[in-house]
Amino acid sequence: MTAVDNLSPRQFWHGSNQELSGSIDPSQPHTKVHNASFSNSAYFTEHKDEAQVYAGWAAKKHGGDPHTYEVEPTGVYHQDMTQRQGGSYTTRSPLNIKGEV
């Protein structure tokens, strides 16, 4: 066994006020929740608790119930420079939904 065998894959999370399945496609129309966000991008984070807070915020602002999903980026993504905490990312590529937590 090598050190590489002990590495866990990176986990990413997305919070929403909607029930989602399959994938999140940022090219499809969706509600912009945060003033600093772009409607043609999907946002996700390495921090499950951050995604849970965002889901609660979205539900409070737009109705529905908070949902937190484990997601997997399918294309290029970049650090979200609007967030103070590191580990937040944005992409214009779909996010595959691995499951709800």
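Which residue's side chain meets that of Glu 46 in a salt bridge? Keep that in mind as you set up the view. The model on your screen is predicted.

**Stop 1: the whole chain**

Start with a cartoon view. The protein chain has one helix and seven strands. Trace the chain from the N terminus, and the elements come in the order β-β-β-α-β-β-β-β. Now switch on the surface. About 6600 Å² of the protein chain is exposed, and carbon and sulfur atoms supply 49% of that area. The chain has 101 residues, and 33% of them count as buried. Consider the contacts between residues with a separation of 6 or more. Residues 24 or more positions apart account for 73% of those contacts.

**Stop 2: the salt bridges**

Hide the surface and show side chains. The structure holds two salt bridges. Select Glu 46 and Arg 10 to settle the opening question. Their side chains meet in a salt bridge, at 2.2 Å from N to O. Glu 46 sits in the loop between strand S3 (42–45) and helix H1 (48–62). Arg 10 belongs to the segment before strand S1 (12–16). The two are 36 residues apart, so this pair links distant parts of the chain. Glu 46 is partly exposed, at 31% relative accessibility. Arg 10 is also partly exposed, at 47%.

Next, select Glu 70 and Lys 98. Here the side chains form a salt bridge of 3.7 Å, N to O. Glu 70 is in strand S4 (residues 67–73) and Lys 98 is in strand S7 (residues 95–100), so the pair ties together parts 28 residues apart in sequence. Are these two residues buried or exposed? Glu 70 counts as buried because its relative accessibility is 17%, and the cut-off for buried is under 20%. Lys 98 is exposed, with a relative accessible area of 52%.

A short general note fits here. Side chains of opposite charge can pair when their charged atoms come close.

**Stop 3: strand S7 and its partners**

Stay with S7 and colour S4 as well. These strands run antiparallel, and five bridges join them. Pick Tyr 69: its bridge partner in S7 is Glu 100.

Now add strand S2 (residues 23–24). S2 also pairs with S7 in the antiparallel sense, over two bridges. Click Ile 24, whose bridge partner in S7 is Leu 95.

**Stop 4: the nonpolar core**

Which residues make up the largest nonpolar core? Select these nine: Phe 12, Ile 24, Ala 42, Phe 44, Tyr 69, Val 71, Tyr 89, Leu 95 and Ile 97. S3, S4 and S7 are the elements that give two or more residues to this core.

Zoom in on Leu 95. Leaving aside residues up to four places away in sequence, Leu 95 touches several others, including Ile 24, Ala 42, Phe 44 and Val 71. Gly 22, Ser 23 and Pro 73 are also among the residues touched by Leu 95.

**Stop 5: the rings**

Show the aromatic side chains. How many aromatic pairs does a search of the whole structure find? The search finds seven. One to look at is Tyr 54 with Trp 57. The ring centres are 6.0 Å apart and the planes are at 75 degrees, so the pair is edge-to-face. Tyr 54 and Trp 57 are three residues apart in helix H1, which separates them by about one helical turn. Tyr 54 is partly exposed, with a relative accessible area of 28%. Trp 57 is partly exposed too, at 37%.

Then select Phe 12, Phe 44, Tyr 77 and Tyr 89. Ring pairs link these four into a cluster.

**Stop 6: Thr 90 and Gly 75**

Move to strand S6 (residues 88–91), where Thr 90 lies. Thr 90 counts as buried, at 16% relative accessibility. Show its contacts, again leaving aside residues up to four places away in sequence. Thr 90 touches Ser 41, Ala 42, Tyr 43, Phe 44, Tyr 77, His 78, Gln 79 and Asp 80.

End at Gly 75, in the loop between S4 and strand S5 (77–79). Gly 75 is partly exposed, with a relative accessible area of 27%. Draw a distance from its C-alpha atom to that of Thr 91. The two atoms are separated by 7.5 Å, and the residues are 16 apart along the chain.

Note on methods:
Residues numbered from 1 in each chain as written. Predicted model: local features only at pLDDT ≥ 70, side-chain atom pairs only at ≥ 80, totals over all residues. Heavy atoms only, no water. Salt bridge = Lys/Arg side-chain N within 4 Å of Asp/Glu carboxyl O. Helix = DSSP H or I, 4+ residues; strand = E, 2+ residues; numbered from the N terminus. Buried < 20%, exposed > 50% of the residue type's maximum accessible area, 1.4 Å probe, protein only. Contact = heavy atoms within 4.5 Å. Areas by Shrake-Rupley, 256 points an atom, 1.4 Å probe, with all protein chains shown as cover. Core = buried A, V, L, I, M, F, W, Y, C linked by side-chain atoms within 4.5 Å. Pairing = 2+ DSSP bridges. Phe/Tyr/Trp six-rings, centres within 6.5 Å; stacked < 30°, edge-to-face > 60°.
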